[in-house]
There are 2 protein chains.
Amino acid sequence: MTTAEPTPRRRRGRPGHDQAAILRAAVELFNRKGYDATSMGDLAKELGLTKPAIYHHVTSKEQLLSRALDDALDELTAAVTEASRKEAGTSAYQRLRAVVRRSVEVLVAHQPSVTLLLRVRGNSEVELAALERRRWLDDRLAELVADAAAEGALRADVPPALVSRLLFGMVNSLVEWYRADGAYDTAAVADAVTVIAFDGLARHEPEPPTSQAS
Amino acid sequence: MTTAEPTPRRRRGRPGHDQAAILRAAVELFNRKGYDATSMGDLAKELGLTKPAIYHHVTSKEQLLSRALDDALDELTAAVTEASRKEAGTSAYQRLRAVVRRSVEVLVAHQPSVTLLLRVRGNSEVELAALERRRWLDDRLAELVADAAAEGALRADVPPALVSRLLFGMVNSLVEWYRADGAYDTAAVADAVTVIAFDGLARHEPEPPTSQAS
């Protein structure tokens with residue numbers, strides 16, 4: 001709005017925008033309009049920049065997507081790598097419980113880019129690479145569930161691969177409704193997810209089996 | 001491919017397609033390409049029909065969306081209405097557990113249209129009406145969780161509204177990976193969801209509290 005502003009931060013129409021701000025705006029636009037439907041022109045307009053000004057910071061729309069997906073994946077990858085490490089003194093069950101909790105924290109901290117990640121369908125090399133990283137994470141988590149089951153720490157009547165899907169399905173569903181400024185802080189949600197998944201909601205004692213059918 | 005075929009079913013390029021087949025193809029296309037990016041021309045091409053042939057059966061793309069969203073919502077609405085009925089001899093806990101199970105069955109039976117429903121963002125009257133119906137369902141389910149908690153059947157340390165979100169977040173996450181021809185049948189998934197949510201995965205006895213912090 002003003003033509004001469006002394007402080008460089010957050011002003012519009014100038015090349016002073018840093019890459020992080022451009023990335024943030026890009027992720028927000030990709031989530032709102034869809035990646036394919038968003039042009040660099042849209043992004044420039046959103047930021048009040050010219051297209052050349054944007055290209056001063058990033059080489060392409062795909063580079064922005066790539067960075068956003070890395071943002072979504074890097075911390076999760078670190079957490080899962082950590083959880084997969086069979087250290088003395090920790091059970092697979094403890095590491096699984098911890099990584100479920102940690103994945104809630106990572107999702108909340110990187111919600112816009114995780115939202116984008118969960119919508120990726122593999123329409124380009126960048127998207128395929130992200131899907132490949134997701135698959136690696138899923139495989140490690142399924143292994144961890146299987147290890148915890150093998151320890152005898154998990155109930156034996158649900159297949160580990162299915163447990164892994166449902167557990168992280170519950171975590172991922174947070175992107176649809178969680179608001180950092182809403183009723184629940186990260187710790188409350190992380191508690192709820194781990195308590196529901198591992199301890200169960202039911203307070204009563206399990207009923208004695210009355211039939212063979214499940 | 002053939003120009004003269006004696007049997008009318010599944011042939012291409014003819015107006016013999018019934019509305020259900022058109023709707024099925026439309027939902028599949030909407031999910032694959034996105035609703036906004038799909039034209040009636042795309043749908044005609046997919047079905048091997050002319051556009052006038054399509055318009056012989058449906059009045060608009062929006063009518064197809066509306067029918068698809070009704071398909072996703074009608075049975076779920078019936079199930080939730082049933083579960084909300086406070087009948088003698090059933091606890092809220094029993095009705096909640098039954099409706100979680102039933103919602104898995106409905107999702108699996110209507111997976112393409114539920115997938116579409118879960119992507120709706122409110123860009124038109126039809127989408128807003130569907131979101132309104134989703135909100136009604138969410139509210140009934142949250143009430144049911146609160147009733148079950150009030151009965152003392154659910155653990156008291158997780159807020160009922162959060163429980164409801166996470167429970168149905170886990171159910172809804174099925175649209176992302178469930179395949180009817182895959183490793184798990186509907187009953188196995190319904191069992192797994194209810195067992196994880198209500199009974200918990202952990203086999204061990206809960207550890208005695210060692211600190212006040214959660």
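1. A word on terms before we start: contact here means heavy atoms within 4.5 Å. With that in hand, take A:Ser84, which is in contact with A:Arg95 and A:Arg140 once its neighbours within four places in sequence are left aside. Please keep in mind throughout that this is a predicted model.

2. Staying with A:Ser84, you will find this residue in helix α4 of chain A. Its C-alpha atom is separated by 6.8 Å from that of A:Arg140, although the two positions lie 56 residues apart along the chain. The side chain of A:Ser84 also has a polar atom 2.8 Å from the backbone oxygen of A:Val80. A:Ser84 counts as partly exposed because its relative accessible area is 26%, a value between the 20% and 50% limits.

3. Helix α4 of chain A, residues 61–84, also holds A:Thr77. Is A:Thr77 buried or exposed? Its relative accessibility is 18%, so A:Thr77 counts as buried, the limit being under 20%. Not counting residues up to four places away in sequence, A:Thr77 touches A:Arg133, A:Trp136 and A:Leu137.

4. Over in chain B, helix α4 is where B:Ser66 is found. B:Ser66 and B:Glu127 are 61 residues apart in sequence, with 7.8 Å between their C-alpha atoms. B:Ser66 has a relative accessibility of 24% and therefore counts as partly exposed.

5. Now to the place where the chains meet. Chain A and chain B each bring 41 residues to the contact. About 3600 Å² is buried between them, and carbon and sulfur atoms give 64% of that area. On the chain A side, the residues that lose the most area to chain B are A:Arg155, A:Leu166 and A:Leu201, which together make up 20% of what that side buries.

6. What polar links join the two chains? There are 12 residue pairs in polar contact between chain A and chain B, both residues of each pair being at pLDDT 80 or more. Which elements of chain A give two or more residues to the side that touches chain B? They are α6 (111–119), α8 (160–172), α9 (174–177) and α10 (186–199). Of these, α10(A) gives the most, with 10 residues. Sorted by class, that side of chain A has 26 nonpolar, 6 polar and 9 charged residues.

7. The count of salt bridges between chain A and chain B is 2. One you may like to inspect is the salt bridge between the side chains of A:Arg121 and B:Glu176, with 3.3 Å from N to O. For context, a search of the whole structure finds 32 salt bridges over all chains.

8. Within chain B, B:Glu28 and B:Arg32 form a salt bridge whose closest N and O atoms are 2.9 Å apart. Both residues lie in helix α1 (residues 19–33) of chain B, 4 residues apart, or about one turn of the helix. B:Glu28 has a relative accessible area of 34%, so this residue is partly exposed.

9. Another chain B salt bridge has the side chains of B:Lys33 and B:Asp42 meeting at 3.7 Å, N to O. Both partners count as partly exposed because of their relative accessibility, which is 40% for B:Lys33 and 24% for B:Asp42.

10. A further salt bridge is formed by the side chains of B:Arg133 and B:Asp70, at 3.1 Å from N to O. This pair links distant parts of the chain, with B:Arg133 in helix α7 (residues 125–150) of chain B and B:Asp70 in helix α4 (residues 61–84) of chain B, 63 residues apart. B:Arg133 is at 27% relative accessibility and so counts as partly exposed; B:Asp70, at 32%, counts as partly exposed too. In chain A, salt bridges that share partners join A:Glu75, A:Arg101, A:Arg102, A:Glu105 and A:Asp191 into one network.

11. Lastly, a point on annotation. UniProt, in an unreviewed entry, lists residues 39–58 of chain A as "DNA-binding region". In the model, the chain over residues 39–58 of chain A is 65% helix and 0% strand, and the C-alpha atoms at its ends are 13 Å apart.

Methods. Residues numbered from 1 in each chain as written. Chains lettered and ligands numbered in written order. Predicted model: local features only at pLDDT ≥ 70, side-chain atom pairs only at ≥ 80, totals over all residues. Heavy atoms only, no water. Buried area = accessible area lost by both parts, 1.4 Å probe. Salt bridge = Lys/Arg side-chain N within 4 Å of Asp/Glu carboxyl O. Polar contact = N/O pair within 3.5 Å; in protein donor to acceptor, adjacent residues only side chain to side chain. Nonpolar A, V, L, I, M, F, W, Y, C, P; charged D, E, K, R; others polar. Buried < 20%, exposed > 50% of the residue type's maximum accessible area, 1.4 Å probe, protein only. UniProt positions renumbered as here; feature names shortened; annotations may be inferred.
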